[in-house]
Amino acid sequence: MERLKFYADTPRGEKNKYFCFKINSILDLESRLIYWFKKGMYIRSAWYESIDEETGLIQNQKIDLVKFVDERQVLFTTE
């Protein structure tokens, strides 16, 4: 099982709200992050969680949000 988890400030004024979404792939993770950025979320911290269903081992990978946005800057420009 894989999940995207993050804390974000919402456009409605909620601060540090926790979000957790089941994902199917790394591409799904990327598209979900882009979706929430475009919705006006200020994402403070995000990570990818992977759970090995046989062993129950949980692995977390922090997402470098600055690098993520810099590499995809063209996606966030509005005309």
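Helix α1 lies across β1, β2 and β3, and it runs at about 145° to β2. This is a predicted model, so please read every value below as computed from predicted coordinates. The strands form an open sheet of four, in the order β2-β1-β3-β4. Alongside the sheet, two themes are worth your time: a nonpolar core of 18 residues, and a network of salt bridges that links Arg-3, Lys-5 and Glu-49.

**The sheet**

- Pairing in the four-stranded sheet is antiparallel, and the sheet is open.
- β2 and β4 (58–62) stand at the edges with a single partner strand each, so one side of each has no neighbour in the sheet.
- On average, neighbouring strands of the sheet are turned by 25° against each other, direction ignored.
- As general background, the strands of a sheet pair through backbone hydrogen bonds, either parallel or antiparallel.
- β1 and β2 run antiparallel and are joined by seven bridges.
- For a handy landmark in this pair of strands, look at Leu-4, which stands opposite Phe-21 in β2.

**The nonpolar core**

- The largest nonpolar core has 18 residues, and those that touch the most other members are Leu-4, Phe-6, Leu-29, Leu-33, Ile-43 and Ile-63.
- Two or more residues of this core come from each of β1 (2–9), β2 (17–23), α1 (26–38), β3 (42–51) and α2 (65–71).
- The element that gives the most is α1, with five residues.
- In soluble globular proteins, nonpolar side chains tend to be buried together.
- What is Ile-63 in contact with, once neighbours within four places in sequence are left aside? Its partners are Leu-4, Leu-29, Leu-33, Ala-46, Trp-47 and Tyr-48.
- Among those partners, Leu-4, Leu-29 and Leu-33 also appear in the list of core residues that touch the most other members.

**Glu-49 and its salt bridges**

- Searching the whole structure gives six salt bridges.
- Glu-49 is found in strand β3. Is Glu-49 buried or exposed? With a relative accessible area of 6%, Glu-49 falls under the 20% limit and therefore counts as buried.
- One salt bridge of Glu-49 is with Arg-3, where the closest N and O atoms are 2.7 Å apart. Glu-49 sits in β3 and Arg-3 in β1, so this pair ties together parts that are 46 residues apart in sequence.
- Arg-3 is partly exposed, at a relative accessible area of 22%.
- Glu-49 also forms a salt bridge with Lys-5, with the closest N and O atoms 3.1 Å apart. Here too the partners lie in β3 and β1, so the pair connects parts that are 44 residues apart in sequence.
- Lys-5 is buried, with a relative accessible area of 11%.
- The side chain of Glu-49 makes polar contacts as well: one of 2.7 Å with the side chain of Arg-3, and one of 3.1 Å with the side chain of Lys-5.
- Not counting residues up to four places away in sequence, Glu-49 touches Met-1, Glu-2, Arg-3, Lys-5, Ile-58, Gln-59 and Asn-60.

**Another salt bridge**

- Arg-12 forms a salt bridge with Glu-14, and their closest N and O atoms are 3.2 Å apart.
- Arg-12 counts as exposed, with 69% relative accessibility, whereas Glu-14 counts as partly exposed at 28%.

**Two more residues to look at**

- Where is Thr-10 found? Thr-10 is in the loop between β1 and β2.
- Thr-10 is buried, its relative accessible area being 12%.
- Leaving out residues up to four places away in sequence, Thr-10 touches Lys-17, Phe-19 and Met-41.
- Ile-34 is part of helix α1 and counts as buried at 12% relative accessibility.
- Ile-34 and Glu-54 are 20 residues apart in sequence, and their C-alpha atoms are 31 Å apart in space.

Methods:
Residues numbered from 1 in each chain as written. Predicted model: local features only at pLDDT ≥ 70, side-chain atom pairs only at ≥ 80, totals over all residues. Heavy atoms only, no water. Core = buried A, V, L, I, M, F, W, Y, C linked by side-chain atoms within 4.5 Å. Buried < 20%, exposed > 50% of the residue type's maximum accessible area, 1.4 Å probe, protein only. Contact = heavy atoms within 4.5 Å. Pairing = 2+ DSSP bridges. Axes fitted to C-alpha atoms, helices over the stretch in contact; angles between N-to-C directions. Salt bridge = Lys/Arg side-chain N within 4 Å of Asp/Glu carboxyl O. Polar contact = N/O pair within 3.5 Å; in protein donor to acceptor, adjacent residues only side chain to side chain.
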